[in-house]
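Biologist: Thanks for sharing this one with me. Could we go through it together, a piece at a time?

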Amino acid sequence: EAAYLPRRAIIWAGARYVGMKRLFLSVAFLLCGLPFLGQAQRLHCADSLLSQAFDLALWTIDHNTHEGVVHAGGGYGGEWTRDCAINCWNAVSLLHPEVAEKSLWSVTNDSTTIGHQYWDKIIWTIGAYNHYQVTGDMIFLTKAYDCCKNTMAELEAQCFDSVSGLFMGPAVFQDGIAAYDEPVYDPAKWDDSYVLHHPNSATIKCLSTNVLYMEAYWLLAKMSEKFGLTDASESYYESARRLENHIRETFYRPEEHKFYYLIDHLGHPHDYQEGMGLAFALLFDLLDDEEAEDVVKNASITEHGIASVSPSFPRNTPDKPGRHNLMVWPHVNALYASGCAHYGLLEPFYFELENMADLAMNHSGGDFCEIYTIEGEPSGGYQCGALWDVKHHQTWCASGFIRLIINHIFGLEFRDWRIEFNPVGMKDGSECRLSGIRYRNMNLTVIVKGHGEEMKSFKINGEKTHDECLWASNYEGDVLVEIELE
């Protein structure tokens with residue numbers, strides 16, 4: 001694998017240069033990569049744009065992995081807990097489990113508490129629990145449980161507001177002040193980009209952040225159960241249920257099928273749509289099926305997918321869009337699309353999937369950029385009166401795209417010691433094949449025919465079965481899963 005990764009980088013660079021990627025890849029692999037073909041993940045489908053974007057996404061993760069740790073992407077020197085957790089959750093724990101484990105521990109404080117920006121660092125809990133689900137590593141989970149438990153206790157003491165029953169602090173990943181309208185944004189500090197330097201920001205309550213805490217409580221409860229800690233489990237379950245109720249009472253507007261973005265320091269709701277907040281509400285089952293369908297139907301979507309925060313704040317203009325406001329951040333689009341697929345809302349899922357591929361391959365010349373304008377142009381957006389630089393090769397955009405392919409097109413869902421398959425297939429129902437997926441002791445290939453959520457046939461190594469699961473203890477070596485959808 002160590003020898004293969006530089007070859008993949010060289011091959012991809014050459015492919016971009018000559019503009020004949022797939023032909024170049026085929027020839028290059030035959031000339032210099034043949035011994036490593038069995039290790040490579042490949043997507044074969046009728047939609048060449050999706051397969052090219054999948055190859056690019058794999059390359060992006062490899063390109064951003066340094067000294068065994070996956071980094072955020074081009075142009076960034078430091079790492080963030082949220083990037084690491086989202087990347088491992090999306091794809092890295094499956095594709096490169098050793099890299100994922102080292103990456104997750106790299107953003108902790110000596111493996112005892114979660115590190116970095118405080119308000120959304122509890123997202124590490126989701127990345128860590130998913131890593132256990134994929135790998136089955138109980139030693140890892142034992143350490144991770146203590147790390148998550150210790151961090152949650154700290155954050156409850158520092159960030160929880162007992163009056164509202166909500167957690168205080170900025171929105172998930174939104175550390176730039178361009179993500180906030182007045183009075184959170186202080187015009188007197190127009191030249192300071194860091195959100196917490198604006199004094200009204202510390203006590204706001206945001207949708208995404210609170211839904212994230214809710215899910216962390218659920219996962220802590222599940223972890224407690226696995227270790228036989230009944231009292232702790234029930235306490236975490238109760239905290240999750242209580243927080244869920246407060247989130248719905250405060251943020252959800254059932255008559256309008258919408259959510260508020262945040263509650264400011266004065267207790268006033270901000271009537272903006274937060275893309276990440278909607279994504280988490282869907283992914284973490286905050287809504288029932290009917291509510292989810294109505295919320296998605298009423299969501300504001302741009303030509304190139306859901307925006308980070310919309311509509312535009314009064315201080316921004318169409319020719320100077322805010323960095324975090326009415327801009328497309330593909331990692332948000334990926335999680336929103338995943339949330340839509342979770343509820344079987346396939347039209348918006350395919351829309352976001354196709355837009356991510358189109359932006360990467362056609363609008364930025366084979367590059368998962370960090371941000372795009374709603375017209376589809378790579379951009380850094382405006383913040384503090386200046387246009388920020390375009391950031392290239394962003395890992396969480398790439399891993400998010402891989403998530404949509406593996407978790408939804410092919411339907412792999414990881415549950416302790418098994419994979420449950422719930423694929424939706426290609427939009428046109430054509431056959432697609434995913435190969436080179438390493439899972440425990442297997443080299444897995446999955447073929448899906450058809451479209452939709454109803455399964456007509458499920459085979460493992462040619463044998464039909466009515467149990468649509470693949471148990472890790474039952475198979476090793478090359479394993480072929482064939483699924484036909486109604």
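Modeller: Gladly! Two strands count as paired if DSSP finds at least two bridges between them. Please keep in mind that this is a predicted model.

Biologist: With that in hand, which residue in β22 does Leu434 stand opposite?

Modeller: Let's start from the strands. β21 and β22, the latter spanning residues 442-449, pair over 6 bridges in the antiparallel sense. Within β22, the residue opposite Leu434 is Val446.

Biologist: And what is the bridge partner of Arg438 in β22?

Modeller: Arg438 belongs to the other end of that story, with the hairpin of β21 and β22 having 2 residues between the strands. In β22, Arg438 has as its bridge partner Asn443.

Biologist: Which residue in that hairpin takes a positive phi?

Modeller: The hairpin joins β21 and β22, with 2 residues between the strands. A positive phi near 50 degrees is found there at Arg440.

Biologist: β22 also pairs with β26; do they run parallel or antiparallel?

Modeller: β26 covers residues 477-485, and 8 bridges join it to β22. One of the partnerships is that of Met442 with Gly477 in β26. The direction of β22 and β26 is parallel.

Biologist: On the β1 side, which residue of β21 is the bridge partner of His44?

Modeller: Strand β1 (residues 42-44) is joined to β21 by 3 bridges, and the two run antiparallel. For His44, the bridge partner in β21 is Arg433.

Biologist: How many of the 8 residues of β22 are buried?

Modeller: Buried here means under 20% relative accessible area. For β21 (residues 432-439), 6 of the 8 residues are buried, so that strand is largely enclosed by the rest of the structure. β22 is likewise largely enclosed, because its buried residues number 7 of the 8.

Biologist: Moving on, which are the edge strands of the open sheet with β8, β11 and β12?

Modeller: The 3 strands of this open sheet follow the order β8-β11-β12, with antiparallel pairing. β8 is joined to β11 (residues 262-263) by 2 bridges, and Lys205 stands opposite Ile263 in β11. Each edge strand pairs on one side only, and these are β8 (205-206) and β12 (269-270).

Biologist: Now the helices: is α8 roughly parallel or antiparallel to α9?

Modeller: Helix α8 (residues 207-226) and helix α9 (residues 230-251) have axes that come within 8 Å and cross at roughly 160 degrees. Angles over 145 degrees count as roughly antiparallel. Therefore α8, relative to α9, is roughly antiparallel.

Biologist: How many nonpolar residues does the contact of α8 with α9 have?

Modeller: α8 passes α9 in a left-handed crossing. Residues making the contact include Tyr217, Trp218 and Leu220 of α8 and Tyr236, Tyr237 and Leu243 of α9. By class there are 4 polar and 4 charged residues, and the nonpolar ones number 15.

Biologist: One last stop: is Phe401 buried or exposed?

Modeller: Phe401 lies in helix α14 (residues 395-409). Beyond its neighbours within four places in sequence, Phe401 is in contact with residues including Leu50, Phe54, Leu353, Met356 and Phe368. Its relative accessibility is 0%, so Phe401 counts as buried.

Biologist: How far apart in space are Phe401 and Thr81, C-alpha to C-alpha?

Modeller: In sequence, Phe401 and Thr81 are 320 residues apart. In space, their C-alpha to C-alpha distance is 20 Å.

Note on methods: Residues are numbered from 1 along each chain as its sequence is written. This is a predicted model: local features need pLDDT of at least 70, side-chain atom pairs count only at pLDDT 80 or more; totals for chains, interfaces and linings use all residues. Side-chain values use heavy atoms; hydrogens and water are left out. Axes are lines fitted to C-alpha atoms, for helices over the stretch in contact, and angles run from 0 to 180 degrees between N-to-C directions. Helices (H or I, at least four residues) and strands (E, at least two) are DSSP runs, numbered from the N terminus. Angles under 35 degrees count as roughly parallel, over 145 as roughly antiparallel, 65 to 115 as roughly perpendicular and the rest as oblique. A crossing is left-handed if the near helix is turned anticlockwise from the far one by less than a right angle, and right-handed if clockwise. Contact means heavy atoms within 4.5 Å. Ala, Val, Leu, Ile, Met, Phe, Trp, Tyr, Cys and Pro count as nonpolar, Asp, Glu, Lys and Arg as charged, and the others, Gly among them, as polar. Buried means under 20% relative accessible area, exposed over 50%, partly exposed in between (1.4 Å probe, protein chains only).
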